[in-house]
Amino acid sequence: MIRDLFRWSAQDLVVIGVFAAASKVATLLVALAGGGMNPISLIGKNLVFTTLLVVMLCKVRRPGTITLFTTISIIVSMLLLGASITLIPAMMAGALAAEAAMWPCRDSEGVWNCVLGAAVYDIVTKLGSLAVSWLLMRENPAMMLMVVPFVAAGYLGSLGGLFSGVRAVRELRHAGIIRQ
Amino acid sequence: MKIVSEQGHEASSCVLPGRKMFSGVNPRPDEEHSRSFDVRSRMFVTLFSSFFPIAVSSFEGQAVLFDASFLYVLSLRRYRAVAISYAAMLGMMTLAALFTWGISRLVPAMPFSFRSLTVPYLRGAVMLNVILPLALTCRIQELLTALKGLHLPFCIYIPGAVMIRFIPTFMHDIRQVSETLRIRGYDLGFGEMFRHPLMMLRLLFTPLLFRSLRTSEELAVAAELKGLEAGGRFVPFRSPVWRGRDTMLVLLALAAALLALYCQARWGASAVPAMR
Amino acid sequence: MICFENVTYTYPFSATPAVRDISFRVRPGELVLVTGRSGCGKSTLMRLADGLCPGYFRGELKGRVLVDGKDTATLPLRDISRQVGTLFQDPEQQFFALGVEDELAFVHEWRGQPANVTRERVRHAAESFGLSGVLGHSVHELSEGQKQKVGLASVLSQQPRALVLDEPTANLDPESTAELARRLRTLKESGMAVLVVDHRLYWLEGVADRVLVMKNGEICAMGGFLMLEDEGLRRGCGLRSCRVEDVRRTLPESGTVAFRHEERGLRVENLCFSYKGKERIFDHADVFLGPGVTALIGDNGAGKTTLARLLTGLNRAESGRFFMNGREIPDKALLGRVAVVLQNADHQLHMKTVRQELEISLQLAGRLKRRDGPAKSCVPFTSGELMALFGLSSLADRHPQSLSGGEKQRLVIACAFAKNPDVLILDEPTSGLDGGNMLLMAEAVNMLAVRGACVLVITHDLELMKISCSRALRLPLRRQADCAEGKQSIKGERV
């Protein structure tokens, strides 16, 4: 079984790569359109990201998907966009927690296990990013209070993304693009 | 100032100015200077500088890192882009300072002082300095070649390469989608965005979602037909060249880090000299 | 080389077979053309030949497909792809790399070829397809013809023994199409078995050895190319013409009419435009589009799409005056009067059903008209009329993204009709459409022209040009200075 975890089909890998690109572009453009720190754009980009995450998890139904997706996103973000390595612990913790949450129902064909995975990923990542922010700003704890509302706004977007993710999957089924 | 809060979409990634981001293959003449370094050495400096400043909490140590990284970013000779990035960063820093001042008025236990902001701000500036050379000069194909050179496993290389390959395509797609919305008669102004944010997101991103699924389907078929599968032996036909100057860049980065640690040890770990 | 023996294939999640009882063979040195109406099973036939069905798409296969004598059901796709190379309609979707050279090398790198062998194969492929000059370019910078060359060069560099091409001419201009035909003839002569699936037929006259016409998943006719001269067969199976007249040089010129206040149509005077840092594409040029259907003709890079964008107001001209029906209008108001349908239909569909897509287009059109003033008196369309006109009534509740390529194309054009525009610009409206759908499109466009609209068609489709277009606007446009005499008379008349 462990060996199976590392044997990916080209099809699954391509889907993960395409969705990583789509989520990166979509969130980047929302942020650019609304300004990085605008609460509406923070909500918007998290909403889009989580929606795409739910759809991807429904498309590639196998353990390790969210971890691989996160790894790829981190690598490319660091190489291409200069994202900070400090993001890694929070994102990897989120991915691993999501894998653990999805493991018991890994054979389920419905959308709810994917929603659970995305929800766990979002909450753990957000908490982790707060911890990282504290590390970066520990000399001035007051600044942490500024970070919290932004992370909270982002999390609101993520919650919305769970609902829009379910709706998107239903629509894709209606369109015959995702089959149960 | 970089607020680390999202899934890798931090603000500094979004405000890189003066660059046609995600452009194609051929180098521009103004990039020749930074192209004299191999992408891997620049990647190393970026990665190293992403985590090392966290360990340094003294003003002197951060000042050393800032000076070294500032010289590095100036070596780009893209002064306008650097100036715009700094202006954006200063704007965000001012905003953060104002916010912190507001908090200090509400919570007296958290007194406001510019001095206590110095080290976090320098950390942010160091990160910006090392991010800019990579982000402003790296061509996408160069990154793909670098990825090949890293000898990553199949399950990392393929999605990574696909992601890098499709970022420009999707950006172009989104531009096209917004154009077709304008043609159809939708108002894409800020007012409409704020009045109907969900509808606007749907209009802009539904085509992207479907396009992602179709693209992944078509590319997966192409992958099968090209015979891609795990366990295959990958031999790059062209490898990036590591030169003496790349080694020098890495050594200089390490030397700056050592000097920063020395300064921290020599003059103490307080955030600012006045606090000692 | 490729042999079908009583093949019946059913996709997963489908109750009915996509193809039934198919038997034919493609021998080495032979080119077989497969054609038929959209959805008749042509693409499935292609997927069976290259092993994607059932190797990738799964499903149930009865009968046998043999490649070089071996049953594809027993071979891994990797092995089949060494024997049979496949080129898709949009080659860019096959590319894993951004650079031409890297794309040519990609498959060899993954097959573990030594670096010098890969370099040699890349060099050879580039030389034989005339791509040496663009090896360092991004695939995004290439024309459609060049992209196809890269795709074909990549496939052939793997030295397959058979080649399968899916609608290879859908995005090509007539010159690139002719070049492809010459190349296929050469490949055939070198002993390669070639299977081509296409709606356009004329370009394979003298090249195709046999033609298979499919209908409802079955072969309804098989024979030599001359068989396609039978009009009954063509009409019955929704085929295009087997011989096409090139009217690009013979269509009368548009834009030579002097200005009149009572004129109908779109006139642009003194148009100047250049992209940042590039040479001027339009330098004090004049354009006139009268009622009727006009073809926009020009080489790749001549500025066809740019002109369409300028006429729509999507790009702002550096200078130029726009007149609609004799009255000057600001370029900002153009979007309310001009409708344009760009090439990628997927980008233009946002709603959950076909009906919703049309209804929202009608609502938006009403809003635009109110904003920019009434355009003309003729009665606007209703969603029901538009669905009937474009043959979409039975698809009213379908999700737009679930439609076939041709159906999507019809829907986005129907949405443009909803605007009841004074000017309609269509960019390659019939690429990838079968004969029946092409005629439907031509009829709809002609109907709009009869209602008094000016229709500008950017197309490489010679058949559409022949059927629909009454004149041509040729690029590059004449400079104002070149026609100074005519210009003076125009000014004099206006005064």
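Me: In S10(C), which residue is the bridge partner of Val213(C)?

Reply: In this predicted model, Ala221(C) in S10(C) is the bridge partner of Val213(C).

Me: What makes strand S9 and strand S10 of chain C a pair?

Reply: Two strands pair if at least two bridges are found between them, and strand S9 (residues 210–215) and strand S10 (residues 218–223) of chain C are joined by five bridges in the antiparallel sense, so the criterion is met. In the hairpin that S9(C) and S10(C) form, two residues lie between the strands, and Asn216(C) takes a positive phi near 50 degrees.

Me: How do you know that S14(C) and S15(C) pair, and in which sense?

Reply: Strand S14 (residues 319–324) of chain C and S15(C) share three bridges in the antiparallel sense, against a requirement of at least two, so the two strands count as a pair. Met324(C) stands opposite Arg327(C) of S15(C).

Me: Why do strand S12 and strand S15 of chain C stand at the edges?

Reply: The open sheet has four strands in the order S12-S11-S14-S15 (chain C), with antiparallel pairing. Strand S12 (280–289) and strand S15 (327–329) of chain C each have a single partner strand, so one side of each is left without a neighbour in the sheet. On average, neighbouring strands of this sheet are turned by 25 degrees against each other, with direction ignored.

Me: Why is Leu116(A) called partly exposed?

Reply: Leu116(A) has 18 other C-beta atoms within 10 Å; a residue is buried with 20 or more and exposed with 12 or fewer, so a count between those limits is called partly exposed. Leu116(A) is found in helix H6 (residues 112–136) of chain A, and, not counting residues up to four places away in sequence, Leu116(A) touches Ala101(A) and Met102(A).

Me: What separates the C-alpha atoms of Leu116(A) and Ser158(A)?

Reply: The C-alpha atoms of these two residues are separated by 12 Å, while Leu116(A) and Ser158(A) are 42 residues apart along the chain.

Me: What makes helix H1 of chain C mostly covered?

Reply: Eight of the eight residues in helix H1 (residues 42–49) of chain C are buried, among them Lys42(C), Arg47(C) and Leu48(C). Just after H1(C), Gly51(C) takes a positive phi of about 90 degrees.

Me: Which elements does chain B contain, and how many of its residues are buried, as a percentage?

Reply: Chain B has eleven helices and zero strands, and buried residues make up 47% of its 276 residues. Among contacts in chain B between residues at least 6 apart in sequence, 82% join residues at least 24 apart.

Me: How many residues does each chain bring to the contact of chain C with chain B?

Reply: The contact takes 48 residues from chain C and 42 residues from chain B. On the side of chain C that touches chain B, helix H3 (77–83), helix H4 (100–110), helix H5 (115–128) and helix H11 (354–372) of chain C each supply at least two residues, and the residues of that side divide into 20 nonpolar, 19 polar and nine charged.

Me: Which residues touch the most other members of the largest nonpolar core?

Reply: Of the 178 residues in the largest nonpolar core, those that touch the most other members include Val14(A), Ala21(A), Met56(A) and Ala162(C). The largest share of this core, 16 residues, comes from helix H2 (residues 10–34) of chain A. A second, separate core of 71 residues includes Leu266(C) and Cys454(C).

Definitions and conventions:
Residues numbered from 1 in each chain as written. Chains lettered and ligands numbered in written order. Predicted model: local features only at pLDDT ≥ 70, side-chain atom pairs only at ≥ 80, totals over all residues. Axes fitted to C-alpha atoms, helices over the stretch in contact; angles between N-to-C directions. Contact = placed C-beta atoms within 7 Å. Nonpolar A, V, L, I, M, F, W, Y, C, P; charged D, E, K, R; others polar. Core = buried A, V, L, I, M, F, W, Y, C linked by C-beta atoms within 7 Å.
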